[in-house]
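Work through the following exercises with the sequence and the structure beside you, and try each task before you read its solution.

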Amino acid sequence: MLLTNIAIFQVARLSSVIGGAQEKPWLGPVAVLNAHPLHLRVAPKPLEDLLIVQTCALIGAGFDTLIVAEGWVSYKSGQNTIYHTPYRINTIWALFATTL
């Protein structure tokens, strides 16, 4: 299970990074949305994992949005406004939670 989770995480994370760099920011979120059901299927406590994923995604999105709004970081693609984090970054936070 651990190796499967690591492999799924790496494929989805690289899809997010490469998709953002290649002006295809939708690629990462699509990969992450496919990775989550696979993770929840093998998780011993899927409801608790889902709660952790949602909490981590909200906290990470809020934190990164604050950093972007302050002008400390800017992104090449996937931003709806200059004050919000790109959706591909928000989905990476949710993906990170699957490794906890």
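**Exercise 1.** Decide whether Pro29 is buried or exposed, and find which residues it is in contact with once its neighbours within four places in sequence are left aside.

*Solution.* Begin with the accessible area, keeping in mind that the model is a predicted one. Pro29 has a relative accessible area of 11%, and because buried means under 20%, Pro29 counts as buried. Next, place the residue: Pro29 belongs to helix α2. Then look for its contacts, setting aside the neighbours within four places in sequence; what remains is Ser16, Tyr87, Arg88 and Thr91. Finally, compare sequence with space: Pro29 and Asn90 are separated by 61 residues in sequence, yet their C-alpha atoms are 8.7 Å apart.

**Exercise 2.** Determine which residues of helix α4 are buried, and what covers them.

*Solution.* Helix α4 takes in residues 87-97, and its buried residues are Arg88, Ile89, Thr91, Ala94, Leu95 and Ala97. The cover over these buried residues includes α1, α2 and α3, the last of which spans residues 46-69. Take Ala97 as an example from helix α4: its relative accessibility is 4%, so it counts as buried. Leaving aside its neighbours within four places in sequence, Ala97 touches Ile52, Val53 and Cys56, in the sense of being in contact with them. As a further step, follow the chain from Ala97 to His84, which are 13 residues apart along it, and the C-alpha atoms turn out to be separated by 21 Å.

**Exercise 3.** Find the residues that make up the largest nonpolar core, and state which elements give two or more residues to it.

*Solution.* The largest nonpolar core holds seven residues, namely Ile8, Phe9, Ala12, Ala31, Val32, Ala35 and Leu95. The elements that contribute two or more of them are α1 and α2, the latter running over residues 27-42. Apart from this core lies another, of five residues, including Val53, Ala57, Ala94 and Ala97. To see the surroundings of one member of the largest core, choose Phe9: without its neighbours within four places in sequence, Phe9 is in contact with Leu95, Phe96, Thr98 and Thr99.

**Exercise 4.** Establish how many aromatic pairs a search of the whole structure finds, and describe the geometry.

*Solution.* The search of the whole structure gives one aromatic pair. A pair of aromatic rings is described by the distance of the centres and the angle of the planes. For Trp93 and Phe96 the centres are 6.3 Å apart and the planes stand at 90 degrees, which makes the pair edge-to-face. Both residues lie in helix α4, three residues apart, or about one turn of the helix. An α-helix has 3.6 residues a turn, so residues three or four places apart point the same way. As for accessibility, Trp93 is partly exposed at a relative accessible area of 26%, and Phe96 is likewise partly exposed, at 37%.

**Exercise 5.** Describe the largest pocket by its volume and its lining, and then examine His39.

*Solution.* The volume of the largest pocket is about 150 Å³. Twelve residues line this pocket, and those closest to its centre are Asn5, His39, Thr98, Thr99 and Leu100. Sorted by character, the lining has seven nonpolar residues, four polar ones and one that is charged. Helix α1, residues 2-21, supplies the largest share of the lining, with four residues. Now turn to His39, which lies in helix α2 and counts as buried at 8% relative accessibility. Once its neighbours within four places in sequence are left aside, His39 is in contact with Asn5, Asp49 and Thr98.

**Exercise 6.** State where Glu23 lies, and what the sign of its phi is.

*Solution.* First locate the residue: Glu23 sits in the loop between α1 and α2. Then read the angle, for the phi of Glu23 is near 60 degrees, a positive value in a residue other than glycine. Most residues other than glycine have a negative phi. To complete the description, add the accessibility: Glu23 counts as partly exposed, at 46% relative accessibility.

Technical notes:
Residues are numbered from 1 along each chain as its sequence is written. This is a predicted model: local features need pLDDT of at least 70, side-chain atom pairs count only at pLDDT 80 or more; totals for chains, interfaces and linings use all residues. Side-chain values use heavy atoms; hydrogens and water are left out. On a 1 Å grid over the protein atoms alone, a cavity is a set of points where a 1.4 Å probe fits but cannot get out, and a pocket is an open set with protein on both sides within 12 Å along at least five of seven lines; lining residues have an atom within 4 Å of a point. Grid points are joined across faces, edges and corners, and a volume is the space filled by probe spheres set on the points. Ala, Val, Leu, Ile, Met, Phe, Trp, Tyr, Cys and Pro count as nonpolar, Asp, Glu, Lys and Arg as charged, and the others, Gly among them, as polar. A nonpolar core is a set of buried Ala, Val, Leu, Ile, Met, Phe, Trp, Tyr and Cys residues joined through side-chain atoms within 4.5 Å. Buried means under 20% relative accessible area, exposed over 50%, partly exposed in between (1.4 Å probe, protein chains only). Contact means heavy atoms within 4.5 Å. Rings of Phe, Tyr and Trp (its six-membered ring) pair if their centres lie within 6.5 Å; planes under 30 degrees apart count as stacked, over 60 as edge-to-face and the rest as tilted.
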